[in-house]
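Trainee: I'm new to this one and a bit lost. Could you pick one part, take a close look at it with me, and then show me how the rest fits around it?

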Amino acid sequence: MPRPRAFDERQVLEQAREQFWATGYAGTRMDDIAKATGLGKGSLYGAFGDKSKLFHRVFGDWCTAVVEVAEGRLAGGPDAEALARLSEYVHLMAENTASDTERRGCLVAKGAAELAHRDPTVAGRSAETMTALLTLLRTEISAAQRHGDIDSAADPERLAALLLTVVRGMEAVGKAGLAPETLRNIADTALAVLPMPRGRNASQPSAVRPARTDSAPSRPHDPPGKGASGQGGLAEDATTPPGG
């Protein structure tokens with residue numbers, strides 16, 4: 001009969017993720033993870049497999065968290081509120097990026113950049129994550145079109161791809177050092193270019209883009225379980241984790 005594990009698996013995975021996040025996959029040795037977690041390499045191998053399998057577990061968990069955060073903002077609802085949900089999500093991702101003062105970026109982007117070209121598991125999981133985000137955005141855009149807030153003749157797939165590129169691109173340029181206000185302006189501009197129905201103008205109430213949310217960011221570049229205050233649960237701040 002196998003002996004029960006004498007460690008908190010979730011805590012170990014978080015510590016391993018922090019090590020991978022700090023030094024990258026290639027720059028991380030199992031000795032480093034053993035030191036970070038306080039476990040022997042034998043225990044790590046027995047519980048999680050080799051370095052590749054451990055990274056796949058960490059990376060997969062993070063991808064799930066990124067999508068869960070998006071689902072929390074783009075979970076559907078009345079068509080009349082779809083544009084507001086889109087606005088809140090895009091602005092939230094801008095605030096998340098602005099709050100990433102360490103400029104660590106999102107583990108999805110970092111892992112994909114380093115490994116996707118040679119690791120089918122990372123490449124596949126990254127693609128699944130982006131596809132899930134694209135679907136959520138497309139669904140909300142279609143809802144806004146039904147309500148008449150976005151031109152029904154526009155292709156929702158293309159608009160969703162545009163917003164996804166903006167959201168993920170903000171993370172990249174934010175890491176490079178763009179000012180928080182510039183990131184917020186990017187979010188504003190991306191929403192402003194969504195095509196309004198013909199015959200409407202921005203002065204009509206139903207066509208006005210929702211104002212930027214003042215809610216605290218979910219900080220998608222932080223580990224799951226840490227909110228804007230450094231505490232909290234995964235359900236609330238998964239990208240606490242992003243925005244990713």
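Mentor: Sure. One term before we start: an accessible area here comes from the Shrake-Rupley method with a 1.4 Å probe. On that basis, the protein exposes about 11600 Å², and carbon and sulfur atoms supply 53% of that area. Keep in mind that what you're looking at is a predicted model. Of the 244 residues in the protein, 46% are buried. As for the fold, you'll find nine helices and zero strands, so reading from the N terminus you just get α-α-α-α-α-α-α-α-α.

Let's put our close look on helix 4, which covers residues 51-73, and its partner helix 7, residues 120-147. Their axes come within 10 Å of each other and cross at roughly 5°. Angles under 35 degrees count as roughly parallel, and that is why helix 4 is described as roughly parallel to helix 7. From the helix 4 side, the contact is made by Phe-55, His-56, Phe-59, Gly-60, Cys-63, Thr-64, Val-66, Val-67, Ala-70 and Glu-71. Helix 7 answers with Thr-121, Val-122, Arg-125, Ser-126, Thr-129, Ala-132, Leu-133 and Leu-136. Sort the residues of this contact by class and you get ten nonpolar, six polar and two charged.

Now hold on to Phe-55, Phe-59 and Val-122, since those names come back with a glycine. Gly-111 sits in helix 6, residues 107-115. Leaving out residues up to four places away in sequence, Gly-111 touches Phe-55, Phe-59, Ala-116 and Val-122. So is Gly-111 buried or exposed? Buried means under 20% relative accessible area, and Gly-111 has 5%, so it counts as buried. Another residue of the helix 4 contact gives you a sense of distance: Gly-111 and His-56 are 55 residues apart in sequence, yet their C-alpha atoms are 9.8 Å apart in space.

Staying on helix 4, have a look at Ser-52, which is found there too. Setting aside neighbours within four places in sequence, Ser-52 is in contact with Tyr-25 and Asp-119. Tyr-25 is 27 residues away from Ser-52 in sequence, and the two are 8.5 Å apart, C-alpha to C-alpha. Ser-52 has 23% relative accessibility, so it counts as partly exposed.

That's our close-up; now let's step back to other parts of the model. Start with helix 1 (residues 9-23) and helix 2 (residues 30-37), whose axes come within 9 Å and cross at roughly 130°. That angle makes helix 1 oblique to helix 2. The crossing of this pair is right-handed. Where they meet, helix 1 offers Val-12, Gln-15, Ala-16, Gln-19 and Phe-20, while helix 2 brings Asp-32, Ile-33, Ala-36 and Thr-37. Those contact residues split into five nonpolar, three polar and one charged.

Next, try helix 5 (residues 82-99) and helix 9 (residues 180-192), which pack at an angle of about 160° with axes 9 Å apart. Over 145 degrees counts as roughly antiparallel, and helix 5 and helix 9 are therefore roughly antiparallel to each other. This crossing is right-handed as well. Helix 5 puts in Leu-86, Ser-87, Val-90, His-91, Ala-94, Glu-95, Thr-97 and Ala-98, and helix 9 puts in Pro-180, Leu-183, Arg-184, Ala-187, Asp-188 and Leu-191. By class, that contact of helix 5 with helix 9 has eight nonpolar, three polar and three charged residues.

Leu-183 leads you on to helix 8, residues 156-175, where Gly-169 is found. Gly-169 and Leu-183 lie 14 residues apart in sequence and 10.0 Å apart in space, again C-alpha to C-alpha. With a relative accessible area of 27%, Gly-169 is partly exposed.

One last stop is the loop between helix 5 and helix 6, which is the place of Arg-103. Most residues other than glycine have a negative phi. Arg-103 isn't a glycine, yet it has a positive phi of about 55°. At 43% relative accessibility, Arg-103 counts as partly exposed.

If you want one thing to take away, go back to helix 4: it runs roughly parallel to helix 7, and its Phe-55 and Phe-59 are touched by Gly-111, a buried residue.

Methods
Residues numbered from 1 in each chain as written. Predicted model: local features only at pLDDT ≥ 70, side-chain atom pairs only at ≥ 80, totals over all residues. Heavy atoms only, no water. Axes fitted to C-alpha atoms, helices over the stretch in contact; angles between N-to-C directions. Helix = DSSP H or I, 4+ residues; strand = E, 2+ residues; numbered from the N terminus. Parallel < 35°, antiparallel > 145°, perpendicular 65-115°, else oblique. Left-handed = near helix turned anticlockwise from the far one by under 90°. Contact = heavy atoms within 4.5 Å. Nonpolar A, V, L, I, M, F, W, Y, C, P; charged D, E, K, R; others polar. Buried < 20%, exposed > 50% of the residue type's maximum accessible area, 1.4 Å probe, protein only.
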